[in-house]
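The exercises below ask you to read a protein model step by step, from single contacts to the pairing of strands. Try each task with the structure open before you read its solution.

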Amino acid sequence: MKTEIHPEHDEAADVENTTPENTAPENTGAESASSEKKEESKEKASSGLAGRAVSLRSVIVGAIAALVVAALVVMGWQLWSASSEVDDMKTAAANEAKAEQVALDYAKGAADMSFENPEDWRSSLTKGTSPELSERLRQASTQMEQLLRPLQWSSTATPIAAKVESVDGDVYQVVAFVNVRTKNVQAPSGIESTATYKITLDKSQDWLITAISSTGSNLDAGESGASEAGQAPAAGAAPVEPAPGTPGN
């Protein structure tokens with residue numbers, strides 16, 4: 001009898017045929033997992049780069065914004081500073097103009113005088129002066145009156161100009177010039193000259209006059225015989241006929 005072994009061969013064949021089919025899914029699954037990991041790694045790397053890019057962009061934008069704000073602040077301060085300087089200059093100019101006007105008005109009033117109305121001259125002479133200076137000027141004008149009547153002395157003044165020489169806080173030193181036409185018994189037609197007044201004013205006291213000296217007037221502080229403001233000139237010091245440049249007031 002013949003023995004057949006075909007079934008065993010068939011089983012081996014079946015095993016050989018089924019082995020690839022059974023292992024193929026396992027390999028596919030491993031490859032798929034590896035691909036997913038790679039994709040996740042790429043996504044994480046891409047996400048990290050994007051985050052760093054956004055962070056760097058934010059830093060740059062913030063820095064630019066800070067620079068713009070700083071520039072605006074500096075420009076604003078410069079504009080404010082320039083405006084403040086302009087205001088200070090305008091204020092200083094206005095104060096000087098005021099001081100010059102007060103001094104020029106006073107000089108004209110002090111140079112205008114007449115033997116017929118000594119009280120009017122005395123009032124102008126002491127107007128706007130400090131109490132101490134006013135008293136000294138009043139005493140001087142009383143003594144001057146004794147000379148005005150015999151000489152029939154009179155003078156009229158025309159303002160020329162005034163200029164601030166110095167400023168020390170609220171104290172202004174001003175020089176004022178007036179043209180004076182003087183008449184007396186020996187010069188009835190009159191003689192013209194220029195009188196110079198140096199006047200100290202205190203802005204803090206509403207432009208109060210605190211000191212006066214003059215050249216070419218009866219308040220002369222020079223060497224012509226007249227004394228400082230508030231001091232009466234000696235009786236013999238008044239000229240009978242004033243020479244040009246030294247008017248008698």
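**Exercise 1. Aromatic rings**

How many aromatic pairs does the structure hold? Find the residues, and describe how their rings are placed.

*Solution.* Keep in mind throughout that this is a predicted model. The structure holds one aromatic pair, and its members are Y172 and W207. A pair of aromatic rings is described by the distance of the centres and the angle of the planes. Here the centres lie 5.1 Å apart and the planes make an angle of 65°; because planes over 60 degrees apart count as edge-to-face, the pair of Y172 and W207 is given that name. The next step is to place the two residues in the chain: Y172 belongs to strand β3, whereas W207 sits in the loop between β4 and β5, so that the pair links distant parts of the chain, 35 residues apart. For the last step, recall that buried means under 20% relative accessible area. Y172, with a relative accessible area of 4%, is therefore buried, and W207, at 10%, counts as buried too.

**Exercise 2. Strands and their turns**

Determine which strands pair with β4, in which sense they run, and what lies in the turns.

*Solution.* Begin with strand β3 (residues 171-184), which is joined to strand β4 (residues 187-202) by 13 bridges, the two strands running antiparallel. Within this pairing, Q173 stands opposite T200 of β4, and the hairpin that connects β3 to β4 passes through two residues. Continue with strand β5 (residues 208-215), which pairs with β4 over seven bridges, again in the antiparallel sense; in this pairing, I199 has I212 of β5 as its bridge partner. The hairpin formed by β4 and β5 has five residues between the strands. Now look at the backbone of that loop, where D206 has a positive phi of about 60° although D206 is not a glycine. W207, found in the loop between β4 and β5 as well, likewise has a positive phi, near 60°, without being a glycine. As for the surroundings of D206, its relative accessible area of 66% makes this residue exposed.

**Exercise 3. Salt bridges**

How many salt bridges does the structure hold? Follow three of them and say which parts of the chain they connect.

*Solution.* The structure holds six salt bridges.

- Step one: R122 and E145 form a salt bridge in which the closest N and O atoms are 2.7 Å apart. Because R122 lies in helix α2 (residues 118-126) and E145 in helix α3 (residues 131-151), the pair ties together parts that are 23 residues apart in sequence. Both R122 and E145 are buried.
- Step two: E145 also meets R149 in a salt bridge, with 3.6 Å from N to O. E145 and R149 are four residues apart in helix α3, and so about one helical turn separates them. R149 is partly exposed, as its relative accessible area is 45%.
- Step three: D170 and K203 meet in a salt bridge with an N to O distance of 3.7 Å. Since D170 lies in the loop between β2 (154-168) and β3, and K203 in the loop between β4 and β5, this pair ties together parts that are 33 residues apart in sequence. D170 is partly exposed at a relative accessible area of 32%, and K203 is partly exposed at 29%.
- Step four: look for shared partners, which join E119, R122, E145 and R149 into one network of salt bridges.

**Exercise 4. The largest pocket**

Which residues line the largest pocket, and what kinds of residue are they?

*Solution.* Rolling a probe the size of a water molecule over the atoms shows where empty space is left. The largest pocket has a volume of about 210 Å³. Its lining is made up of V102, D105, Y106, G109, S124, K127, G128, D206, W207 and I209. Sorted by kind, the lining residues divide into four nonpolar, three polar and three charged. If you then ask where the lining comes from, the largest share, four residues, is supplied by helix α1 (residues 6-111). Two residues met earlier return here, since D206 and W207 are among the lining residues.

Definitions and conventions: Residues are numbered from 1 along each chain as its sequence is written. This is a predicted model: local features need pLDDT of at least 70, side-chain atom pairs count only at pLDDT 80 or more; totals for chains, interfaces and linings use all residues. Side-chain values use heavy atoms; hydrogens and water are left out. On a 1 Å grid over the protein atoms alone, a cavity is a set of points where a 1.4 Å probe fits but cannot get out, and a pocket is an open set with protein on both sides within 12 Å along at least five of seven lines; lining residues have an atom within 4 Å of a point. Grid points are joined across faces, edges and corners, and a volume is the space filled by probe spheres set on the points. Ala, Val, Leu, Ile, Met, Phe, Trp, Tyr, Cys and Pro count as nonpolar, Asp, Glu, Lys and Arg as charged, and the others, Gly among them, as polar. Two strands pair if DSSP finds at least two bridges between them. A salt bridge is a side-chain nitrogen of Lys or Arg within 4 Å of a carboxyl oxygen of Asp or Glu. Buried means under 20% relative accessible area, exposed over 50%, partly exposed in between (1.4 Å probe, protein chains only). Rings of Phe, Tyr and Trp (its six-membered ring) pair if their centres lie within 6.5 Å; planes under 30 degrees apart count as stacked, over 60 as edge-to-face and the rest as tilted.
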